[in-house]
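Here's a quick briefing to keep open beside the viewer. Have a look at the sequence and the fold, then read on.

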Amino acid sequence: MTREADPRPPSGPARPGAAPAPPAVTGRGPARHRRPAAVLAAGLALTAAGCDIAPAPYDDGRVRVVTTTGILADLAAGVGGDFVEVHALVPDGADPHSHEPTLRDVREIVYADLAFTNYMLLEEQSLVRAIDANLPAGVPNVSLAESAGKYAAEIIPLVENVNLDTIWLGLRVRGTGAGYGADRTSEVRLKATGVEGPGELIGYVTETFGAPTVFFDSSDGFDADNGYRDDTATLPPDAHTHMSWAFTEPGVYRLDLSAELAVSGQSRPVELAGGTVTFAVGVNAHTVFPESAGATVLDSGHADITVDLGEDPGSEPALHLYADPHGGGDATQEVYDPARTVVEVPNKALTDIPGDPRFRFLGRGGDSIHQLPQAVLGRHVHGEIDPHLWQNVRNAMAYVKIMRDELMAADPANAAHYRSNAARYLGELDELDAYVADTLARIPASRRQLVTTHDAFGYLADAYGLSVAGFVTPNPGSEPSMADRRKLTETIANLGIPAVFLEPNLAARSSTLTQVAREQGVEVCPIHGDALGPGNDSYPDMMRANADSLYACLG
């Protein structure tokens with residue numbers, strides 16, 4: 001599909017898709033690219049041989065821009081207006097993850113003055129190779145996602161194992177205990193004294209060489225007669241540890257805890273504080289407390305169940321949740337009251353019990369549990385960057401600024417036009433961002449759960465306060481397994497999700513999503529991820545339609 005700019009004079013914002021008649025263009029400088037005779041001859045030869053490559057197109061003076069997707073083509077046309085001809089290699093409604101280049105695509109690449117790809121593994125690799133191999137020397141080849149950081153685009157890493165992409169929950173002692181006479185040989189004992197919930201709760205640590213150490217295990221009860229010795233975690237003052245938390249059944253769990261300080265082996269322990277920590281395991285965390293209670297849901301970042309020794313002036317020993325839900329580590333952790341806080345264990349935390357006999361305390365190898373994982377050797381395991389940046393409108397604005405800069409460099413004689421068009425378009429996108437934010441803010445917090453065809457909406461969720469509750473597969477090119485189907489079914493059932501969202505361009509490969517939705521009696525609603533579609537011929541139209549669909553089906 002070729003997207004050509006409106007030939008009207010540059011008095012208003014040009015949009016893609018209008019008549020292709022060339023405008024009167026003057027003042028092209030030496031930066032304008034011209035094809036060598038050898039390239040033209042090659043095009044003629046291929047045409048004569050019956051291939052789908054036409055001779056060199058008529059040069060009407062416009063800058064020829066090639067993009068991989070229709071979304072990028074629309075952004076480029078919004079900046080270039082009358083002075084560009086934009087061609088998208090991936091047709092509207094097609095999937096960039098799997099689109100194979102055609103001979104016509106190669107022809108468009110050969111005669112391009114400027115190329116924009118998203119990259120970061122969004123496009124099929126053969127399409128990227130076609131651009132890299134056929135774009136003439138000296139023609140800019142811009143990878144937008146990799147360049148967007150220049151204009152403060154927010155980047156989200158993809159997680160190699162989605163089970164790791166949850167809140168970290170450890171244990172912490174805050175304070176040195178010096179006021180009690182404690183030193184580094186002293187210890188704080190945090191005891192689990194009871195659990196209320198539909199299954200068993202196990203808290204454990206995996207040591208460096210893979211051996212687990214169990215701190216809390218509700219499966220064998222809690223023995224008050226021996227001081228809960230078998231369900232006690234011991235830490236020195238002013239220390240913390242990461243932990244794994246496993247739950248054998250979905251539902252709400254309430255863990256009762258009590259802390260004491262043993263200054264020395266001979267002294268009587270000092271009772272400190274206690275409290276109850278609430279977990280929402282595979283169910284909607286926003287419905288655990290009444291909405292009027294104003295409870296906080298912790299679902300990301302690093303958090304610790306913290307024994308505060310009360311050493312700050314005017315403070316008393318207490319059991320808190322310290323958390324940094326927006327990232328930043330210890331320096332940004334804030335205090336949360338366990339009585340008004342829920343720790344979310346989402347359905348993506350569903351994982352299989354290892355076959356290693358050392359983990360038999362969790363159950364039988366291969367069975368499923370929900371688990372908040374311990375940091376892997378002190379860190380999450382992340383892979384490449386999530387490439388779907390445009391689902392956050394602010395990131396699309398960064399793309400527009402990059403396109404403006406590149407067009408001004410390629411065609412300096414018309415730099416003022418590109419600058420003016422970009423400013424007008426950025427204003428339109430700023431209004432679009434506000435529209436999406438305002439529309440999605442009207443969805444009740446308990447219903448902002450997003451289940452989709454594939455993992456393409458992390459930026460949408462992050463920017464506008466949604467939660468990616470699940471998807472069929474991380475990549476639309478992979479076939480869902482029975483485990484994927486089971487996890488999807490449990491996610492929809494456990495969270496009481498009213499609707500799932502299907503990308504129209506992936507409908508032919510989304511039978512799993514539609515079948516599970518039908519079995520669970522939930523609505524299937526449209527959402528656009530990687531491609532424009534019927535009725536959504538522009539990027540702003542697509543984002544408004546997505547916001548409207550989400551609100552209509554969830555709100």
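What follows walks through the cores, the sheets and a couple of single residues.

Keep in mind that this is a predicted model. There are two separate nonpolar cores to look at, one with 65 residues and a second with 40. On the strand side, there's an open sheet of five strands and an open sheet of six.

**Nonpolar cores**

- The largest nonpolar core holds 65 residues, and the members touching the most other members are Val65, Leu440, Leu460, Tyr539 and Leu550.
- Helix α6, spanning residues 393–410, is the top contributor to this core, giving ten residues.
- The second core is separate and has 40 residues, including Phe215, Tyr253, Tyr336 and Leu372.
- Zooming in on Leu550, and skipping residues up to four places away in sequence, you'll find that it touches Leu440, Ile443, Leu450, Leu460, Leu466, Phe501, Ile527 and Gly555.

**The five-stranded sheet and strand β17**

- This open sheet has mixed pairing and runs in the order β12-β7-β17-β18-β19.
- β12 (240–241) and β19 (334–336) sit at the edges with a single partner strand each, so one side of each has no neighbour in the sheet.
- Is strand β17 buried or exposed? Seven of its seven residues (302–308) are buried, so β17 is largely enclosed by the rest of the structure.
- In a regular strand, side chains alternate between the two faces of the sheet.
- In β17, His302, Asp304, Thr306 and Asp308 point one way, while Ala303, Ile305 and Val307 point the other way, and all are buried.
- β7 (residues 168–174) runs parallel to β17, and seven bridges join them; Arg174 stands opposite Asp308 in β17.
- β17 and β18 (residues 318–324) are antiparallel and also joined by seven bridges, with Ala303 opposite Ala323 in β18.
- β18 then pairs with β19 in the antiparallel sense over three bridges, and here the bridge partner of Ala323 is Glu334 in β19.

**The six-stranded sheet**

- The strand order is β11-β8-β14-β15-β20-β16, in an open sheet with mixed pairing.
- Its edges are β11 (232–235) and β16 (296–298); each has a single partner strand, so one side of each is left without a neighbour in the sheet.
- From one strand to the next, the twist averages 30°.
- Nine bridges tie β8 (residues 187–196) to β14 (residues 251–262), and the two strands run antiparallel.
- Within that pair, Glu196 has Arg254 in β14 as its bridge partner.

**Two residues to click on**

- Where is Gly93? Gly93 is in the loop between β3 (84–88) and α3 (103–110).
- Gly93 is partly exposed, because its relative accessible area is 36%.
- Gly93 and Leu506 are 413 residues apart along the chain, yet their C-alpha atoms are separated by 8.5 Å.
- Setting aside residues up to four places away in sequence, Gly93 touches Asn505, Ala531 and Leu532.
- Ser143 lies in strand β5, which covers residues 141–143.
- With a relative accessible area of 18%, Ser143 counts as buried, because the cut-off for buried is under 20%.
- Which residues does Ser143 contact, leaving aside neighbours within four places in sequence? Ser143 is in contact with Thr117, Asn118 and Tyr119.

Technical notes
Residues numbered from 1 in each chain as written. Predicted model: local features only at pLDDT ≥ 70, side-chain atom pairs only at ≥ 80, totals over all residues. Heavy atoms only, no water. Core = buried A, V, L, I, M, F, W, Y, C linked by side-chain atoms within 4.5 Å. Buried < 20%, exposed > 50% of the residue type's maximum accessible area, 1.4 Å probe, protein only. Helix = DSSP H or I, 4+ residues; strand = E, 2+ residues; numbered from the N terminus. Contact = heavy atoms within 4.5 Å. Pairing = 2+ DSSP bridges. Axes fitted to C-alpha atoms, helices over the stretch in contact; angles between N-to-C directions.
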